[in-house]
Amino acid sequence: MTPPRIRVAAYVIRNRAVPEVLVFDHMGMPEAGTQVPAGGVKSGEELEEAVLREVAEETGLLTATVVRQIAVESKPRPDSGQPRRTTFFFLRASAETPDAWDHHVNGDGDDAGLTFTCRFLPLPLKRPLADDQDAWLGNIDPRWTTVTGDSQ
């Protein structure tokens, strides 16, 4: 049996008049969908370190702080069907964080060379995120559960 790929995902929340979550889109790759920062944990890396690194790598945001772990999800990768386990974290961003920006990913990871369009969306979300990444927002605040046509 193949061991699961260990991952982290971040709900970076900015509190304004309405709470907002940080998301991004792959510039030039609309089929990838809107996502939250997420990715693999490096060997020897603590989960909290990994989630902060992923936020920095994928969005350029260096000032987010970890509040707490909120869920662990085990499900296969959508592209390969291989097992993966993702730990979702609740992070905070300053209310002064910009509304939107483009971030060019450097380094040697899977996302190197890509440009992500980052922005904050009000909660609850009007549409689900790619790969159902929004599934655990309600664990932070039940009012943040994504509103979909199925739940009405």
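Biologist: About how many helical turns separate Arg-53 and Glu-57 in helix H1?
Modeller: H1 covers residues 47-59; helices (H or I, at least four residues) and strands (E, at least two) are DSSP runs, numbered from the N terminus. Arg-53 and Glu-57 sit four residues apart in H1, so the gap comes to about one helical turn.

Biologist: What pLDDT do side-chain atom pairs need in order to count?
Modeller: Residues are numbered from 1 along each chain as its sequence is written, and side-chain values use heavy atoms, leaving out hydrogens and water. The model is predicted, so totals for chains, interfaces and linings use all residues, local features need pLDDT of at least 70, and side-chain atom pairs count only at pLDDT 80 or more.

Biologist: Back to the helix: what is the N to O distance between Arg-53 and Glu-57?
Modeller: Arg-53 is buried at 16% relative accessible area, and Glu-57 is partly exposed at 32% (buried is under 20%, exposed over 50%, partly exposed in between, with a 1.4 Å probe and protein chains only). Their side chains form a salt bridge (a Lys or Arg side-chain nitrogen within 4 Å of an Asp or Glu carboxyl oxygen), with N to O at 3.3 Å.

Biologist: How many residues apart in sequence are Lys-75 and Asp-131?
Modeller: Those two side chains meet in a salt bridge at 3.3 Å, N to O. Lys-75 is in strand E4 (residues 65-76) and Asp-131 is in the segment after strand E7 (115-122), so the pair ties together parts whose sequence separation is 56 residues.

Biologist: And which strand holds Arg-84, the other residue in the pair with Asp-131?
Modeller: Asp-131 is partly exposed at 30%, whereas Arg-84 is buried at 7%. Their salt bridge comes in at 2.2 Å, N to O. The pair links distant parts of the chain, 47 residues apart: Asp-131 is in the segment after E7, and Arg-84 is in strand E5 (residues 83-93).

Biologist: How many salt bridges are there by this rule?
Modeller: Some share partners: Arg-14, Arg-16, Glu-20 and Asp-99 are joined that way into one network. The count by this rule is twelve.

Biologist: Over in E7, which residue is the bridge partner of Asp-102?
Modeller: Side chains alternate along strand E6 (residues 100-104): Trp-101 and His-103 face one way and are buried, while Ala-100, Asp-102 and His-104 face the other and are not. E6 and E7 pair (at least two DSSP bridges between the strands) in the antiparallel sense over five bridges. In E7, the partner of Asp-102 is Thr-117.
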